[in-house]
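Thanks for asking me to look this one over. Here are my notes, set out point by point so you can follow along on your screen.

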Amino acid sequence: MSTAIVVFTQVALMTTLKIVNLHHDFSKTRSLVTVAWEDDPDKRLGLVVPFECPLENLKAEAEKVVRALAKELETATIEN
């Protein structure tokens with residue numbers, strides 16, 4: 001009698017988001033970055049970044065808020 005061992009590995013898919021817009025809302029003193037999925041440009045996400053965020057800091061700030069949102073969504077619940 002032989003025993004077979006099956007190992008399942010889960011491969012994490014890498015998602016690439018592209019920054020497509022930066023908007024400064026002076027009436028609310030906030031800035032919004034919009035990112036789109038590289039493989040599905042119609043899928044977009046808008047998040048608040050520091051007000052008047054300079055372009056040289058935009059990538060780092062966008063990464064920071066996307067990761068914070070992902071962490072928050074791990075424990076999110078959806079209600080009717």
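1. Which residues does Glu61 touch, not counting residues up to four places away in sequence? Please keep in mind throughout that this is a predicted model. Glu61 touches Val49, Pro50 and Cys53. Glu61 itself sits in helix H1, which covers residues 55-73.

2. Is Glu61 buried or exposed? Its relative accessible area is 17%, and because buried means under 20%, Glu61 counts as buried.

3. Two of the residues that Glu61 touches, Val49 and Cys53, also turn up in the largest nonpolar core. That core has 7 residues in all: Val33, Leu47, Val49, Cys53, Leu58, Ala62 and Val65. Strand E3 (40-49) and H1 are the elements that give two or more residues to this core. H1 gives the most, with 3 residues.

4. Val65 is worth a click while you have the core on display. Leaving aside its neighbours within four places in sequence, Val65 is in contact with Leu47, Val48 and Val49. Leu47 and Val49 are, like Val65, members of the core.

5. Now to the sheet. It is an open one made of 3 strands in the order E1-E2-E3, with antiparallel pairing. E1 and E3 are the edge strands, each pairing on one side only. From one strand to the next, the twist averages 20°.

6. How many bridges link E1 and E2? Strand E1 (residues 17-25) pairs with E2 over 8 bridges, in the antiparallel sense. If you would like a spot to start from, Leu17 stands opposite Trp37 in E2. The hairpin of E1 and E2 has 4 residues between the strands, and in this hairpin Thr29 takes a positive phi near 40°.

7. On the E3 side, E2 and E3 run antiparallel and are joined by 7 bridges. Here Trp37 stands opposite Asp40 in E3, so to speak of Trp37 is to speak of both pairings: this residue also stands opposite Leu17. The hairpin that E2 and E3 form has 2 residues between them.

8. Strand E2 (residues 30-37) is mostly covered, with 6 of its 8 residues buried. In the sheet order, E2 comes between E1 and E3.

9. Last, how the helix meets the sheet. H1 lies across E1, E2 and E3, and runs at about 95° to E3. With that view open, you can return to Glu61 in H1 and look again at its contacts with Val49, Pro50 and Cys53.

Notes. Residues numbered from 1 in each chain as written. Predicted model: local features only at pLDDT ≥ 70, side-chain atom pairs only at ≥ 80, totals over all residues. Heavy atoms only, no water. Buried < 20%, exposed > 50% of the residue type's maximum accessible area, 1.4 Å probe, protein only. Contact = heavy atoms within 4.5 Å. Core = buried A, V, L, I, M, F, W, Y, C linked by side-chain atoms within 4.5 Å. Pairing = 2+ DSSP bridges. Axes fitted to C-alpha atoms, helices over the stretch in contact; angles between N-to-C directions.
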